[in-house]
Amino acid sequence: MSFTLIQQATPRLHRSELAVPGSNPTFMEKSASSKADVIFLDLEDAVAPDDKEQARKNIIQALNDLDWGTKTMMIRINGLDTHYMYRDVVDIVEACPRLDMILIPKVGVPADVYAIDVLTTQIEQAKKREKKIGFEVLIETALGMANVEAIATSSKRLEAMSFGVADYAASTRARSTVIGGVNKDFSVLTDKDEAGNRETHWQDPWLFAQNRMLIACRAYGLRPIDGPFGDFSDPDGYTSAARRCAALGFEGKWAIHPSQIDLANEVFTPSEAEVTKARRILEAMEEAAKAGKGAVSLDGRLIDIASIRMAEALIEKANAMSAS
């Protein structure tokens, strides 16, 4: 390991992140009884300009009056390039002790996070707020992706990053018609076989961006979260997108519709077989250590100290989910 040790972000269960418009009190009330790990009450894209002020009032009432259980509660503020942002932070953070986190959209440079940090810190000090607010940032522009490593170290409040595929596609001029979906033109054509036939293999156009953000998160102790999948009438498409991210190492995915919550929770929960194998790895390595060995074979495969780290991480995640 490097001599440089990175402090890990505040641990939270973060398999599913439900987006709920702050302009709709009925949706907020229903979301309180959902199985989502994290809920963000939205003031940005899901709220029309004329409804911004009322949405703030709705969110304050909902955070203070509804029973949210053990869910992580978050608000998505408006962008720093709008005049709505400062009131979003001031009004809600001052009035809502239940608030856990702030989701900052369209972060492009570290200074964007610094600005919200300064404002939040002053409110906490003035109000003698006991619970420290955490941050999640949305990487959803070319500028944000170009600066993702620097953004990852921009604030000690930072806990997570989400990949916002829709605005990212717009920012990079990508040809995309379904939020979070694939494009048949993003594919490779095989060489001809003996009969002259060729096959087309679709590729994932978001893999590079997701992987880069993931690496920044894991390097600096943050939770990587995948963003929305727009077609909530396509559970298979959502599950496929979630599985790709889970395979990469993401901790969770957004749900823009209640029907996507269970899908995310299932995909990002380690299976019983995975947990069993992880425990067997730890047991095998414990026996190897007693015998003075640094590595051992299990089921015909070599396992070593790196295997221990992966197994411990998986079991830690499974334990957190069983305790929720």
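Which residues of helix α3 are buried? Let's start there. In α3, residues 85–95, the buried ones are Met85, Asp88, Val89, Val90, Ile92 and Val93. Keep one rule in mind as you look. An α-helix has 3.6 residues a turn, so residues three or four places apart point the same way. And what do the buried residues of α3 pack against? Four elements: helix α2 (52–65), strand β3 (72–76), strand β4 (101–104) and helix α4 (110–127).

One caution before we go on. This is a predicted model.

Now step back to the whole chain. It has twelve helices and twelve strands. Its radius of gyration is 21 Å, and the globule rule gives 20 Å for 324 residues, so the chain is as compact as a globular protein of that length. Along the principal axes, the C-alpha atoms fill a box of roughly 60 × 60 × 40 Å.

How much of the chain is buried? Of the 324 residues, 45% count as buried. The area that the chain exposes is about 17,100 Å². Carbon and sulfur atoms supply 52% of that area.

Next, contacts. Take the pairs at least 6 apart in sequence. Of those contacts, 70% join residues at least 24 apart.

Then charge. The chain carries 38 positive and 47 negative charges. The mean positions of the two sets are 3 Å apart.

So much for the overview. On to salt bridges. How many does a search of the whole structure find? The search finds 19. I'll show you three.

Pair one is Arg15 and Asp37. Their side chains meet at 2.8 Å, N to O. This pair links distant parts of the chain. Arg15 sits in the segment before β1 (16–21). Asp37 sits in the loop between α1 (25–31) and β2 (38–42). They are 22 residues apart. Are they buried or exposed? Arg15 is buried, and Asp37 is buried too.

Pair two is Lys106 and Glu44. The closest N and O atoms of this salt bridge are 2.7 Å apart. Lys106 lies in the loop between β4 and α4, and Glu44 lies in the loop between β2 and α2, so the bridge ties together parts that are 62 residues apart in sequence. The two ends are covered to different degrees. Lys106 has 32% relative accessibility and counts as partly exposed. Glu44 has 7% and counts as buried.

Stay on Lys106 for a moment. Look at the backbone. Lys106 has a positive phi of about 50 degrees, although it is not a glycine.

Pair three is Glu159 and Arg223. Here the closest N and O atoms are 2.9 Å apart. Glu159 is in strand β6, residues 158–163. Arg223 is in strand β9, residues 223–226. Along the chain they are 64 residues apart. Glu159 counts as buried, at 4% relative accessibility. Arg223 counts as buried, also at 4%.

Some salt bridges share partners. Such bridges join Asp42, Glu44, Asp45, Arg76, Lys106 and Asp167 into one network. Notice two names from pair two in that network: Glu44 and Lys106.

Now a charged residue without a bridge. That is Glu136, in strand β5, residues 134–139. Glu136 is buried yet has no salt bridge. Which side chain of opposite charge is nearest? Arg223, and it is 5.6 Å away. A salt bridge needs nitrogen and oxygen within 4 Å. You have met Arg223 already, as the partner of Glu159.

What does Glu136 contact, leaving aside neighbours within four places in sequence? The list includes His14, Glu17 and Trp254. Met74, Met101 and Met161 are among its contacts as well. So are Ile102, Leu103 and Ile104.

Last stop: two lysines next to each other in sequence numbering, Lys127 and Lys128.

Lys127 is in helix α4. At 49% relative accessibility, it counts as partly exposed, because exposed means over 50%. Compare its place with Tyr86. Lys127 and Tyr86 are 41 residues apart along the chain, and their C-alpha atoms are separated by 16 Å.

Lys128 lies in the loop between α4 and β5. At 69% relative accessibility, Lys128 counts as exposed. Its phi is near 50 degrees, a positive value in a residue other than glycine.

That's the tour. Go back to α3 on the screen and find Met85, Asp88 and Ile92, which are among its buried residues.

Conventions
Residues are numbered from 1 along each chain as its sequence is written. This is a predicted model: local features need pLDDT of at least 70, side-chain atom pairs count only at pLDDT 80 or more; totals for chains, interfaces and linings use all residues. Side-chain values use heavy atoms; hydrogens and water are left out. The radius of gyration is taken over C-alpha atoms; the globule rule is 2.2 Å times the number of residues to the power 0.38. Buried means under 20% relative accessible area, exposed over 50%, partly exposed in between (1.4 Å probe, protein chains only). Contact means heavy atoms within 4.5 Å. Accessible areas come from the Shrake-Rupley method with a 1.4 Å probe; for residues, only the protein chains shown count as cover. Lys and Arg count as positive and Asp and Glu as negative; His and the chain ends are not counted. The place of a charge is taken as NZ of Lys, CZ of Arg, CG of Asp or CD of Glu.
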